[in-house]
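Student: Please take a close look at one part of this protein and explain how that part sits in the whole. I would like a single connected account rather than a list.

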Amino acid sequence: IIANLPDGRMITCCDSKKLRPVVVGQTEDTVAIASEVCGLNEIMPDRDTTKDIYPNEREVVVIDNDLEVQRWKQ
């Protein structure tokens with residue numbers, strides 16, 4: 001699930017059974033969301049993979065307009 005909020009922030013999360021996975025990767029000037037890490041590897045091969053985010057069940061990743069990434073847990 002990927003959505004834009006009215007204030008311009010973007011959110012993503014995965015389903016509770018992880019049938020539709022998601023991963024978030026970032027560099028200094030880019031944040032990307034993909035369903036598999038191989039997609040991020042293709043478009044952002046030089047990123048720090050230790051900073052990749054794999055949202056857990058009931059967790060939302062929020063990306064603001066300054067490309068700050070936050071993890072919100074329920």
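Tutor: What follows starts with the whole chain, goes on to one strand residue and its surroundings, and ends with the loops on either side of that strand.

The model is predicted, not experimental. Its secondary structure consists of one helix and six strands, and their order along the sequence is β-β-β-β-α-β-β. The radius of gyration is 12 Å, which agrees with the value near 11 Å for a compact globule of 74 residues. Along the principal axes, the C-alpha atoms occupy a box of roughly 30 × 30 × 15 Å. Buried residues make up 28% of the 74. The exposed surface comes to about 5200 Å², with 50% of it supplied by carbon and sulfur atoms. As for charge, the protein has 9 positive and 14 negative charges, and the mean positions of the two sets are 10 Å apart. Among contacts with a separation of 6 or more, 36% link residues 24 or more positions apart.

The part to examine is Glu-59, in strand 5, which covers residues 59-63. Is this acidic side chain's residue buried or exposed? Glu-59 has a relative accessible area of 1%, under the 20% cut-off, and therefore counts as buried. A polar atom of its side chain lies 2.7 Å from the backbone nitrogen of Asn-56. Beyond residues up to four places away in sequence, Glu-59 touches Thr-12, Cys-13, Tyr-54, Arg-71, Trp-72 and Lys-73. Of these partners, Thr-12 belongs to strand 2, residues 10-12, while strand 6 spans residues 69-73.

Asn-56, at the other end of that polar contact, is in the loop between helix 1 and strand 5. With a relative accessible area of 40%, Asn-56 is partly exposed, whereas Glu-59 is buried. Outside its neighbours within four places in sequence, Asn-56 is in contact with Cys-14, Lys-18 and Arg-71. Arg-71 is also on the list of residues that Glu-59 touches. Asn-56 and Asp-15 are separated by 41 residues in sequence, yet their C-alpha atoms are 9.0 Å apart.

Thr-12 deserves the next look. Its relative accessible area is 1%, so Thr-12 too is buried. The Thr-12 side chain has a polar atom 2.7 Å from the backbone oxygen of Ile-1. Leaving out neighbours within four places, the contacts of Thr-12 are Ile-1, Ile-2, Val-22, Val-24, Ile-33, Glu-59, Val-60 and Val-61. Glu-59 lies in strand 5, and the span of that strand, 59-63, takes in Val-60 and Val-61 as well. From Thr-12 to Val-31 the C-alpha distance is 12 Å, over 19 residues of sequence.

Val-31 has another partner for comparison in Val-69, which is found in strand 6. Those two residues are 38 apart in sequence, and their C-alpha atoms are 8.4 Å apart. Contacts of Val-69, neighbours within four places aside, are Gln-26, Val-31, Ile-53, Val-61, Val-62 and Ile-63. Val-61 therefore recurs here, having also appeared among the contacts of Thr-12.

Two loop residues complete the picture. Arg-58 sits in the loop between helix 1 (37-43) and strand 5. Although Arg-58 is not a glycine, its phi is positive, at about 60°. Its relative accessibility is 55%, over the 50% cut-off, so Arg-58 counts as exposed. Leu-67 is in the loop between strand 5 and strand 6. Leu-67 is likewise a residue other than glycine with a positive phi, in this case near 65°. Its relative accessibility of 34% falls between the two cut-offs, which means that Leu-67 is partly exposed.

To put the part together: Glu-59 is buried, its side chain has a polar atom 2.7 Å from the backbone nitrogen of Asn-56, and its contacts include Thr-12 and Arg-71.

Methods: Residues numbered from 1 in each chain as written. Predicted model: local features only at pLDDT ≥ 70, side-chain atom pairs only at ≥ 80, totals over all residues. Heavy atoms only, no water. Helix = DSSP H or I, 4+ residues; strand = E, 2+ residues; numbered from the N terminus. Rg over C-alpha atoms; globule rule 2.2 N^0.38 Å. Buried < 20%, exposed > 50% of the residue type's maximum accessible area, 1.4 Å probe, protein only. Contact = heavy atoms within 4.5 Å. Areas by Shrake-Rupley, 256 points an atom, 1.4 Å probe, with all protein chains shown as cover. Lys, Arg positive; Asp, Glu negative; His and termini not counted. Charge placed at Lys NZ, Arg CZ, Asp CG, Glu CD. Polar contact = N/O pair within 3.5 Å; in protein donor to acceptor, adjacent residues only side chain to side chain.
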